[in-house]
Amino acid sequence: MQRLQIQVRTQCRRCGALMRADLDDLVARYGASASLIDRQERCRMVACDGATFYLGARRHGEPWRILLDAAALRDGLSLCPPAHLAHGRPAPVANAADLLIPGRR
Ligand SMILES: [Zn+2]
């Protein structure tokens, strides 16, 4: 992912915050061969104890894909609050959660 310059974000299951993730930081923490699929981490928003999952996009402007494969981890996505950007603004239509619905962009 780092070599391909994939764009990476996290989305919190509890507060819905979308946050940029830095691939250099992830490589430093987990190693260059680590996978982000099915990896969850604690939300970095102050006062949130939710778990985040990763989203990836091949390049700027491409659709975001949820990097969850395990059915048990995907099952709860429908219960998550809508993803939001800074200042509580709703995520654009290209929000990854929409990609779970076939044919909808
Ligand atoms: Zn959160």
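How many bridges join strand 4 to strand 5, and in which sense do the two strands run? In this predicted model, strand 4 and strand 5 (residues 65–66) run antiparallel and are joined by 2 bridges. One residue pair helps to place this contact on the structure: Gly-56 has Arg-65 of strand 5 as its bridge partner.

Strand 4, which spans residues 51–57, is a helpful place to continue the tour. Strand 1 (residues 7–12) also pairs with strand 4, again in the antiparallel sense, and here the pairing extends over 6 bridges. Within this pairing, Cys-12 finds its bridge partner in Thr-52 of strand 4. Strand 3 takes part as well, running antiparallel to strand 4 and joined to it by 3 bridges. Here Gln-40 is matched with Phe-53, its bridge partner in strand 4.

Burial can be followed along the same element. Strand 4 is mostly covered, with 5 of its 7 residues buried. The largest nonpolar core consists of 8 residues, namely Val-8, Leu-36, Phe-53, Tyr-54, Leu-55, Trp-64, Leu-67 and Leu-68. Strand 4 makes the greatest contribution to this core, supplying 3 residues. Phe-53 therefore appears in two roles, as a member of the core and as the bridge partner of Gln-40.

Helix 1 gives another picture. This helix covers residues 23–30 and is hardly covered, the count of buried residues among its 8 being 0. Just after helix 1 comes Gly-31, whose phi is positive, at about 95°.

Further along the chain, Ala-86 lies in the segment that follows helix 2 (71–75). Is Ala-86 buried or exposed? Ala-86 is exposed, because 8 other C-beta atoms lie within 10 Å, and a residue with 12 or fewer such neighbours counts as exposed. A separation of 8.8 Å lies between the C-alpha atoms of Ala-86 and Met-19, although the two are 67 residues apart along the chain.

Finally, a word on confidence. The mean pLDDT of the protein chain is 85, and 85% of the residues reach at least 70. Among the elements compared, strand 3 (residues 40–42) has the highest confidence, at 96, and helix 2 the lowest, at a mean of 92. Over residues 96–105, by contrast, the pLDDT is below 50, and this stretch has 15 contacts in the model beyond near neighbours in sequence. Where pLDDT is low, predicted coordinates should not be read in detail.

Terms used. Residues numbered from 1 in each chain as written. Predicted model: local features only at pLDDT ≥ 70, side-chain atom pairs only at ≥ 80, totals over all residues. Helix = DSSP H or I, 4+ residues; strand = E, 2+ residues; numbered from the N terminus. Buried ≥ 20, exposed ≤ 12 C-beta atoms within 10 Å, placed from the backbone. pLDDT = per-residue confidence, 0-100. Contact = placed C-beta atoms within 7 Å. Pairing = 2+ DSSP bridges. Core = buried A, V, L, I, M, F, W, Y, C linked by C-beta atoms within 7 Å.
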